[in-house]
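Student: I've got a model open and I'd like to know how its labels are earned. Can you take me through the reasoning?

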Amino acid sequence: MNERAQRQGGSGRFITLEGPDGAGKSIHAERLAAALRARGLTVTLVREPGGTALGEAVRRILLDRGLVHAPAADALLFNAARAQLVAEVVRPALARGEVVVCDRYADSTLAYQGHGSGMDLEALRVVAAVSTGGLVPDRTILLDLPVEVGLERRRRGPAAEQTRFEDDARHDRAFHDRVRAGFLALAEAEPARWRVVDAAAAEERVAADVLVAVGDLLPTSVAEVGV
Ligand code: TYD
């Protein structure tokens with residue numbers, strides 16, 4: 001029996017949000033968690049990289065502008081943070097029957113270090129299988145939007161949101177185009193797991209679409225209520 005099948009039947013649900021920079025994942029992860037809590041569900045909300053003491057320490061290394069990062073080093077650091085998050089937070093929450101909402105997960109490494117930086121996708125999948133023990137989300141929502149819209153939102157947003165990733169010269173427009181196309185290709189390859197939401201729409205619209213995108217995972221009594 002595979003991992004997903006083992007967790008069926010009243011046990012937890014694992015939902016991840018993915019997307020290019022500036023897509024609004026953090027806002028919509030929070031809004032989704034709040035909407036599900038308002039329906040009486042117990043929700044654990046986490047973000048990558050981070051969510052554990054080790055993960056936050058790794059996050060500081062990843063975001064340190066003073067360090068040079070090879071793409072493979074980034075891939076392994078993101079996966080180190082991920083391994084700790086899965087072991088320490090995600091699996092225990094799923095075992096308690098909770099909904100886990102995760103702001104980025106293994107697909108980000110495939111999109112950024114794979115499609116974006118050109119690392120071998122199959123090798124990255126092996127690394128992800130090691131770090132997650134094969135834990136695959138029940139649903140992954142791609143908040144998709146044109147690259148220029150996302151980058152412009154970032155430029156106008158708080159300076160605190162500008163990270164090493166924004167000012168890395170290798171992360172040029174073509175890189176972001178590859179990341180977006182990469183996410184869309186991942187979604188197309190696994191339509192049962194992924195839902196693509198238009199993240200260029202108004203915030204309320206996106207929040208409603210995100211909730212619809214997880215509706216079939218929730219108990220029917222809960223799924224029928226609006227945003
Ligand atoms: P994050 O703090 O989640 O920023 P955002 O608000 O854009 O979601 O992530 C910081 C950067 O890390 C972001 O540009 C995406 C990148 N990233 C990777 O390159 N690989 C990964 O595996 C993950 C999880 C993130």
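Tutor: Sure, and keep in mind that this is a predicted model. Let's start with the largest pocket, where H2 supplies the biggest share of the lining, six residues.

Student: Which other elements line the largest pocket with two or more residues, and how big is that pocket?

Tutor: Besides H2 (25-38), the elements giving two or more residues include S2, H3 (53-63), H4 (71-95) and H5 (106-116), along with H7, H8 (164-167) and H10 (203-214). The volume of the largest pocket is about 1000 Å³. Its lining has 42 residues, and Lys-25, Ser-26, Asp-103, Arg-104 and Arg-154 lie nearest the centre.

Student: What makes Lys-25 and Asp-103 count as charged, and how does the whole lining divide?

Tutor: Asp, Glu, Lys and Arg are the charged class, so Lys-25 and Asp-103 both belong there. Over the lining of the largest pocket, you get 19 nonpolar, nine polar and 14 charged residues.

Student: Which residues come nearest to the ligand?

Tutor: There are 13 residues around the ligand, and Lys-25, Arg-59, Thr-109, Gln-113 and Arg-154 come nearest.

Student: What makes the approach of Thr-109 to the ligand a polar contact?

Tutor: A polar side-chain atom of Thr-109 sits 2.6 Å from a ligand oxygen atom. The cut-off for a pair of N or O atoms is 3.5 Å, so the Thr-109 pair qualifies. Arg-59 has a polar side-chain atom 2.8 Å from an oxygen atom of the ligand, and for Gln-113 the partner is a nitrogen atom of the ligand, at 2.8 Å. Those two pairs are within 3.5 Å, so they pass as well.

Student: Why do we say that S1 and S3 pair?

Tutor: Pairing takes at least two bridges, and S1 (residues 13-18) and S3 have five, so they qualify. The sense is parallel, and Ile-15 stands opposite Val-101 in S3. S2 (residues 43-47) also pairs with S3 in the parallel sense over five bridges, with Thr-44 opposite Val-100.

Student: How do you know that S3 is covered on both faces?

Tutor: Side chains in a regular strand alternate between the two faces of the sheet. In S3, Val-99, Val-101 and Asp-103 are on one side, Val-100 and Cys-102 are on the other, and all are buried. Buried means under 20% relative accessible area, so each of these residues falls below that cut-off. That fits the tally for S3 (residues 99-103), with five of its five residues buried.

Student: What does the second largest pocket look like, and which helix gives the most to its lining?

Tutor: The second largest pocket has a volume of about 250 Å³. Of its 14 lining residues, Ala-106, Leu-110, Ala-128, Val-136 and Arg-193 are closest to the centre. H6 gives the most, with four residues, and H5 supplies at least two. By class, the lining has eight nonpolar, two polar and four charged residues.

Student: Why is the 40 Å³ space called a cavity and not a pocket?

Tutor: A 1.4 Å probe fits inside but cannot get out, so the space is a cavity, whereas a pocket is open. The structure holds one cavity of 30 Å³ or more, and the largest has a volume of about 40 Å³. Pro-20, Asp-21 and His-176 are among the lining residues, while H7 (residues 147-156) gives the most, with three.

Student: What makes one residue of that lining charged?

Tutor: The split is five nonpolar, two polar and one charged. Asp is in the charged class, so Asp-21 is the charged one.

How values were computed. Residues are numbered from 1 along each chain as its sequence is written. This is a predicted model: local features need pLDDT of at least 70, side-chain atom pairs count only at pLDDT 80 or more; totals for chains, interfaces and linings use all residues. Side-chain values use heavy atoms; hydrogens and water are left out. On a 1 Å grid over the protein atoms alone, a cavity is a set of points where a 1.4 Å probe fits but cannot get out, and a pocket is an open set with protein on both sides within 12 Å along at least five of seven lines; lining residues have an atom within 4 Å of a point. Grid points are joined across faces, edges and corners, and a volume is the space filled by probe spheres set on the points. Buried means under 20% relative accessible area, exposed over 50%, partly exposed in between (1.4 Å probe, protein chains only). A residue is near a molecule or strand if one of its heavy atoms lies within 4 Å of it. A polar contact is a pair of N or O atoms within 3.5 Å; within protein, one must be able to donate a hydrogen and the other to accept it, and residues adjacent in sequence count only if both atoms are side-chain atoms.
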